[in-house]
Amino acid sequence: MASQDSTRVVPLKVIVAGVQRTGTLSMQHALMKLGFYDCYHMVSFAENCSRDAPQWIRAMEAKFEGKGTFDKKDWDKLLGKYQAVCDQPATFFAADLAELYPDAKVIILNRDPEKWYHSVTASIYASLPLYSPFFVIGKLYCLLFDYEARSILKYFQLQARVAQPYNHGKEKEKAISWFKGMYKEFRERIPKERRMEFQMGDGWGPLCEFLGCDIPMEEDASGKLVEAPFPRKNDAQQFHQLTDETWAKSHQRATDTFMGLVGRATMLGALGYGGYVAFNMLQSYL
(Lines give C-alpha, C1' and ligand atoms only; values in the text may rest on other atoms or scores of the structure.)
Protein backbone atom coordinates (compact mmCIF):
# COMPACT_ATOMS: atom_id res chain seq x y z
CA MET A 1 0.00 0.00 0.00
CA ALA A 2 1.12 3.55 -0.69
CA SER A 3 1.91 5.70 2.33
CA GLN A 4 -0.47 8.54 3.19
CA ASP A 5 1.98 11.18 1.97
CA SER A 6 2.59 9.41 -1.35
CA THR A 7 0.71 9.71 -4.62
CA ARG A 8 1.61 6.16 -5.60
CA VAL A 9 -1.59 4.12 -5.87
CA VAL A 10 -0.09 0.72 -6.76
CA PRO A 11 3.46 -0.66 -6.33
CA LEU A 12 5.83 -0.50 -9.28
CA LYS A 13 6.47 -4.18 -9.98
CA VAL A 14 8.10 -4.37 -13.43
CA ILE A 15 10.59 -2.12 -15.22
CA VAL A 16 11.27 -2.90 -18.88
CA ALA A 17 14.73 -1.69 -19.89
CA GLY A 18 14.46 -1.58 -23.66
CA VAL A 19 14.56 1.28 -26.14
CA GLN A 20 12.01 1.99 -28.86
CA ARG A 21 11.56 -0.60 -31.65
CA THR A 22 12.65 -3.56 -29.50
CA GLY A 23 9.12 -4.88 -29.02
CA THR A 24 8.00 -2.52 -26.29
CA LEU A 25 4.37 -2.33 -27.43
CA SER A 26 4.13 -6.13 -27.53
CA MET A 27 5.68 -6.26 -24.06
CA GLN A 28 3.21 -3.69 -22.75
CA HIS A 29 0.30 -5.86 -23.92
CA ALA A 30 1.95 -9.01 -22.57
CA LEU A 31 2.41 -7.48 -19.12
CA MET A 32 -1.17 -6.26 -18.99
CA LYS A 33 -2.39 -9.70 -20.03
CA LEU A 34 -0.46 -11.06 -17.04
CA GLY A 35 -2.28 -8.62 -14.77
CA PHE A 36 0.18 -5.74 -14.44
CA TYR A 37 -2.17 -2.77 -14.74
CA ASP A 38 -1.36 -0.35 -16.03
CA CYS A 39 1.89 -0.37 -18.03
CA TYR A 40 3.27 3.05 -18.99
CA HIS A 41 4.36 3.33 -22.63
CA MET A 42 4.89 6.16 -25.10
CA VAL A 43 1.22 5.61 -25.95
CA SER A 44 0.43 6.60 -22.36
CA PHE A 45 2.56 9.73 -22.79
CA ALA A 46 0.61 10.72 -25.91
CA GLU A 47 -2.73 10.12 -24.22
CA ASN A 48 -1.77 12.25 -21.20
CA CYS A 49 0.67 14.71 -22.74
CA SER A 50 -0.75 17.85 -21.12
CA ARG A 51 -0.20 16.28 -17.68
CA ASP A 52 2.94 14.25 -18.38
CA ALA A 53 5.08 16.27 -20.80
CA PRO A 54 6.03 19.00 -18.29
CA GLN A 55 6.96 16.36 -15.71
CA TRP A 56 9.11 14.38 -18.16
CA ILE A 57 10.79 17.64 -19.15
CA ARG A 58 11.66 18.26 -15.49
CA ALA A 59 12.96 14.69 -15.13
CA MET A 60 15.11 15.05 -18.28
CA GLU A 61 16.53 18.38 -17.18
CA ALA A 62 17.39 17.01 -13.73
CA LYS A 63 19.07 13.83 -15.04
CA PHE A 64 20.91 15.11 -18.08
CA GLU A 65 21.45 18.82 -17.37
CA GLY A 66 21.59 18.96 -13.57
CA LYS A 67 18.72 21.44 -13.41
CA GLY A 68 16.68 21.02 -10.25
CA THR A 69 15.72 17.62 -8.85
CA PHE A 70 13.28 14.84 -9.63
CA ASP A 71 12.99 12.53 -6.65
CA LYS A 72 10.88 9.54 -5.64
CA LYS A 73 7.89 11.69 -4.76
CA ASP A 74 8.00 13.15 -8.25
CA TRP A 75 8.13 9.67 -9.79
CA ASP A 76 5.23 8.55 -7.63
CA LYS A 77 3.23 11.52 -8.86
CA LEU A 78 4.06 10.80 -12.50
CA LEU A 79 3.83 7.00 -12.49
CA GLY A 80 1.88 6.27 -9.33
CA LYS A 81 -0.99 4.42 -10.99
CA TYR A 82 1.27 2.15 -13.07
CA GLN A 83 2.54 -1.28 -11.99
CA ALA A 84 4.93 -1.46 -14.94
CA VAL A 85 6.83 0.84 -17.29
CA CYS A 86 8.33 0.27 -20.72
CA ASP A 87 9.40 2.15 -23.84
CA GLN A 88 10.55 5.73 -23.95
CA PRO A 89 10.64 8.04 -22.11
CA ALA A 90 10.66 5.71 -19.08
CA THR A 91 13.51 3.58 -20.43
CA PHE A 92 15.88 6.57 -20.30
CA PHE A 93 15.47 6.29 -16.52
CA ALA A 94 15.27 2.49 -16.21
CA ALA A 95 18.38 2.16 -14.05
CA ASP A 96 17.36 5.13 -11.89
CA LEU A 97 13.88 3.67 -11.37
CA ALA A 98 15.38 0.28 -10.51
CA GLU A 99 17.39 1.92 -7.74
CA LEU A 100 14.42 3.92 -6.44
CA TYR A 101 12.09 0.89 -6.49
CA PRO A 102 14.23 -2.03 -5.27
CA ASP A 103 11.31 -4.50 -5.22
CA ALA A 104 10.61 -4.10 -8.93
CA LYS A 105 11.83 -6.77 -11.33
CA VAL A 106 13.65 -5.66 -14.46
CA ILE A 107 13.28 -7.09 -17.96
CA ILE A 108 16.07 -6.17 -20.37
CA LEU A 109 14.38 -6.18 -23.76
CA ASN A 110 16.99 -6.98 -26.40
CA ARG A 111 17.32 -6.68 -30.16
CA ASP A 112 20.22 -6.95 -32.58
CA PRO A 113 21.69 -3.42 -32.92
CA GLU A 114 21.76 -3.50 -36.74
CA LYS A 115 18.15 -4.68 -36.95
CA TRP A 116 17.15 -2.07 -34.39
CA TYR A 117 18.83 0.69 -36.39
CA HIS A 118 17.15 -0.26 -39.66
CA SER A 119 13.79 -0.67 -37.92
CA VAL A 120 13.93 2.85 -36.48
CA THR A 121 15.12 4.21 -39.83
CA ALA A 122 12.15 2.68 -41.65
CA SER A 123 9.54 3.73 -39.10
CA ILE A 124 10.05 6.54 -36.59
CA TYR A 125 12.82 8.38 -38.42
CA ALA A 126 10.99 8.10 -41.74
CA SER A 127 8.03 10.00 -40.28
CA LEU A 128 10.08 13.01 -39.16
CA PRO A 129 10.79 14.96 -42.40
CA LEU A 130 8.46 17.81 -43.28
CA TYR A 131 7.02 16.73 -46.59
CA SER A 132 5.17 19.79 -47.89
CA PRO A 133 4.36 23.43 -47.14
CA PHE A 134 0.87 22.33 -46.09
CA PHE A 135 2.40 19.94 -43.53
CA VAL A 136 4.56 22.76 -42.14
CA ILE A 137 1.68 25.22 -42.01
CA GLY A 138 -0.54 22.67 -40.26
CA LYS A 139 2.06 22.04 -37.56
CA LEU A 140 2.74 25.75 -37.09
CA TYR A 141 -0.99 26.32 -36.70
CA CYS A 142 -1.10 23.67 -33.96
CA LEU A 143 1.98 25.06 -32.22
CA LEU A 144 0.55 28.58 -32.30
CA PHE A 145 -2.88 27.78 -30.87
CA ASP A 146 -2.45 24.52 -28.91
CA TYR A 147 -0.56 24.45 -25.60
CA GLU A 148 -0.26 20.64 -25.62
CA ALA A 149 1.45 20.70 -29.02
CA ARG A 150 4.01 23.16 -27.67
CA SER A 151 4.62 20.94 -24.63
CA ILE A 152 5.14 17.87 -26.83
CA LEU A 153 7.51 19.76 -29.12
CA LYS A 154 9.52 21.04 -26.14
CA TYR A 155 9.80 17.51 -24.76
CA PHE A 156 10.99 15.97 -28.03
CA GLN A 157 13.46 18.80 -28.65
CA LEU A 158 14.92 18.16 -25.21
CA GLN A 159 15.00 14.39 -25.78
CA ALA A 160 16.87 14.86 -29.05
CA ARG A 161 19.37 17.20 -27.41
CA VAL A 162 20.19 15.37 -24.18
CA ALA A 163 18.88 11.79 -24.27
CA GLN A 164 19.49 10.83 -27.90
CA PRO A 165 22.07 13.35 -29.13
CA TYR A 166 22.58 12.13 -32.67
CA ASN A 167 20.95 12.29 -36.09
CA HIS A 168 19.58 8.81 -36.60
CA GLY A 169 19.48 8.87 -40.38
CA LYS A 170 22.90 10.44 -40.88
CA GLU A 171 24.93 9.14 -37.93
CA LYS A 172 24.54 5.39 -37.88
CA GLU A 173 27.66 4.72 -35.82
CA LYS A 174 26.59 7.21 -33.16
CA ALA A 175 23.09 5.71 -33.07
CA ILE A 176 24.35 2.17 -32.58
CA SER A 177 26.93 3.36 -30.03
CA TRP A 178 24.11 5.05 -28.09
CA PHE A 179 22.05 1.85 -28.28
CA LYS A 180 24.90 -0.28 -26.93
CA GLY A 181 25.65 2.31 -24.26
CA MET A 182 22.08 2.15 -22.97
CA TYR A 183 22.25 -1.63 -22.51
CA LYS A 184 25.70 -1.36 -20.94
CA GLU A 185 24.23 1.01 -18.34
CA PHE A 186 21.31 -1.35 -17.69
CA ARG A 187 23.62 -4.28 -16.99
CA GLU A 188 26.14 -2.31 -14.96
CA ARG A 189 23.65 -0.61 -12.68
CA ILE A 190 20.97 -3.29 -12.25
CA PRO A 191 22.00 -6.40 -10.28
CA LYS A 192 21.81 -9.74 -12.09
CA GLU A 193 19.49 -11.25 -9.51
CA ARG A 194 16.87 -8.60 -10.28
CA ARG A 195 16.88 -8.78 -14.07
CA MET A 196 16.28 -11.12 -16.95
CA GLU A 197 17.30 -10.96 -20.59
CA PHE A 198 14.42 -11.22 -23.05
CA GLN A 199 13.75 -10.71 -26.74
CA MET A 200 10.72 -11.10 -28.93
CA GLY A 201 10.33 -14.79 -29.77
CA ASP A 202 11.22 -16.09 -26.31
CA GLY A 203 7.54 -16.53 -25.51
CA TRP A 204 5.58 -16.78 -22.29
CA GLY A 205 7.69 -19.44 -20.56
CA PRO A 206 10.76 -17.51 -19.38
CA LEU A 207 8.77 -14.32 -18.85
CA CYS A 208 6.15 -15.97 -16.64
CA GLU A 209 8.77 -17.90 -14.70
CA PHE A 210 10.69 -14.71 -13.96
CA LEU A 211 7.58 -12.78 -12.93
CA GLY A 212 5.99 -15.65 -11.02
CA CYS A 213 2.90 -15.75 -13.22
CA ASP A 214 0.94 -18.56 -14.83
CA ILE A 215 1.14 -18.82 -18.61
CA PRO A 216 -2.10 -17.30 -19.92
CA MET A 217 -4.52 -19.76 -21.50
CA GLU A 218 -7.51 -19.30 -23.75
CA GLU A 219 -10.07 -21.43 -25.52
CA ASP A 220 -9.49 -22.38 -29.14
CA ALA A 221 -12.26 -22.88 -31.71
CA SER A 222 -13.07 -26.32 -30.29
CA GLY A 223 -13.32 -25.03 -26.72
CA LYS A 224 -10.01 -26.59 -25.65
CA LEU A 225 -7.72 -24.57 -23.39
CA VAL A 226 -4.48 -23.72 -25.16
CA GLU A 227 -1.60 -21.34 -24.52
CA ALA A 228 -2.53 -17.81 -25.54
CA PRO A 229 -0.42 -16.37 -28.36
CA PHE A 230 2.22 -13.91 -27.25
CA PRO A 231 1.23 -10.37 -28.32
CA ARG A 232 2.87 -9.21 -31.53
CA LYS A 233 2.00 -5.57 -31.99
CA ASN A 234 3.16 -3.53 -34.94
CA ASP A 235 5.05 -0.69 -33.27
CA ALA A 236 5.60 1.13 -36.57
CA GLN A 237 1.94 0.97 -37.55
CA GLN A 238 0.90 1.98 -34.04
CA PHE A 239 3.41 4.82 -34.06
CA HIS A 240 2.09 6.31 -37.30
CA GLN A 241 -1.53 5.86 -36.22
CA LEU A 242 -0.82 7.45 -32.84
CA THR A 243 1.07 10.32 -34.48
CA ASP A 244 -1.83 11.02 -36.84
CA GLU A 245 -4.36 10.87 -33.99
CA THR A 246 -2.25 13.13 -31.79
CA TRP A 247 -1.93 15.79 -34.48
CA ALA A 248 -5.65 15.51 -35.33
CA LYS A 249 -6.56 16.18 -31.69
CA SER A 250 -4.05 19.02 -31.56
CA HIS A 251 -5.57 20.55 -34.71
CA GLN A 252 -9.04 20.39 -33.17
CA ARG A 253 -7.85 22.01 -29.93
CA ALA A 254 -6.06 24.70 -31.95
CA THR A 255 -9.21 25.36 -33.96
CA ASP A 256 -11.31 25.57 -30.79
CA THR A 257 -8.83 28.06 -29.33
CA PHE A 258 -8.70 30.08 -32.56
CA MET A 259 -12.48 30.23 -32.88
CA GLY A 260 -12.71 31.24 -29.23
CA LEU A 261 -10.30 34.09 -29.87
CA VAL A 262 -12.22 35.13 -32.98
CA GLY A 263 -15.46 35.00 -31.01
CA ARG A 264 -14.07 37.15 -28.22
CA ALA A 265 -12.58 39.59 -30.72
CA THR A 266 -15.92 39.83 -32.53
CA MET A 267 -17.75 40.39 -29.26
CA LEU A 268 -15.31 43.08 -28.19
CA GLY A 269 -15.64 44.70 -31.61
CA ALA A 270 -19.42 44.61 -31.39
CA LEU A 271 -19.37 46.06 -27.88
CA GLY A 272 -16.97 48.77 -28.99
CA TYR A 273 -19.13 49.64 -31.97
CA GLY A 274 -22.25 49.60 -29.80
CA GLY A 275 -20.59 51.91 -27.33
CA TYR A 276 -19.58 54.23 -30.15
CA VAL A 277 -23.16 54.36 -31.50
CA ALA A 278 -24.60 54.90 -28.03
CA PHE A 279 -22.11 57.68 -27.36
CA ASN A 280 -23.08 59.47 -30.59
CA MET A 281 -26.79 59.10 -29.82
CA LEU A 282 -26.22 60.46 -26.33
CA GLN A 283 -24.32 63.40 -27.78
CA SER A 284 -27.26 64.23 -30.05
CA TYR A 285 -29.55 64.68 -27.05
CA LEU A 286 -27.18 66.92 -25.17
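**Exercise 1.** In this predicted model, find which residue just after H3 takes a positive phi, and state the angle.

*Solution.* Go to the end of helix H3, which covers residues 49-65. Gly66 comes just after H3, and its phi is positive, about 70°.

**Exercise 2.** List the buried residues of helix H3 and name elements that cover them.

*Solution.* Step one: the buried residues of H3 are Cys49, Asp52, Ala53, Gln55, Trp56, Ile57, Ala59, Met60 and Ala62. Step two: the cover over these residues includes strand E2 (39-40) and the helices H2 (42-47), H4 (72-79) and H8 (147-163).

**Exercise 3.** Asp52 and Arg51 meet in a salt bridge. Decide for Asp52 whether it is buried, partly exposed or exposed, and do likewise for Arg51.

*Solution.* Take the bridge first: its N to O distance is 2.8 Å. Buried means under 20% relative accessible area. Asp52 has 0%, so Asp52 is buried. Arg51 has 34%, so Arg51 is partly exposed.

**Exercise 4.** Describe the salt bridge between Asp76 and Lys72 and the places of the two residues in helix H4.

*Solution.* The N to O distance is 3.7 Å. Asp76 and Lys72 are 4 residues apart in helix H4, so about one helical turn separates them. An α-helix has 3.6 residues a turn, so residues three or four places apart point the same way. Asp76 is buried, at 5%, and Lys72 is partly exposed, at 34%.

**Exercise 5.** Classify the ring pair of Phe179 and Tyr183.

*Solution.* The count of aromatic pairs comes to 18. In the pair of Phe179 and Tyr183, the ring centres are 4.8 Å apart and the planes stand at 40°. Planes under 30 degrees apart count as stacked and over 60 as edge-to-face. The angle of 40° fits neither class, so the pair is tilted. Phe179 and Tyr183 lie 4 residues apart in helix H9 (residues 172-189), about one helical turn, and both are buried.

**Exercise 6.** Work out what surrounds the side chain of Arg195.

*Solution.* Start with its place: Arg195 is in strand E5 (residues 195-199). At 15% relative accessibility, Arg195 counts as buried. Next, take the polar partners. The side chain of Arg195 reaches the backbone oxygen of Arg187 at 3.3 Å, and one of its polar atoms lies 2.8 Å from the backbone oxygen of Ile190. Then add the salt bridge with Glu197, 3.3 Å from N to O; Glu197 is partly exposed, at 35%. Lastly, beyond four places in sequence, the contacts of Arg195 include Val106, Ile108, Phe186 and Phe210.

Technical notes: Residues numbered from 1 in each chain as written. Predicted model: local features only at pLDDT ≥ 70, side-chain atom pairs only at ≥ 80, totals over all residues. Heavy atoms only, no water. Buried < 20%, exposed > 50% of the residue type's maximum accessible area, 1.4 Å probe, protein only. Contact = heavy atoms within 4.5 Å. Phe/Tyr/Trp six-rings, centres within 6.5 Å; stacked < 30°, edge-to-face > 60°. Polar contact = N/O pair within 3.5 Å; in protein donor to acceptor, adjacent residues only side chain to side chain. Salt bridge = Lys/Arg side-chain N within 4 Å of Asp/Glu carboxyl O.
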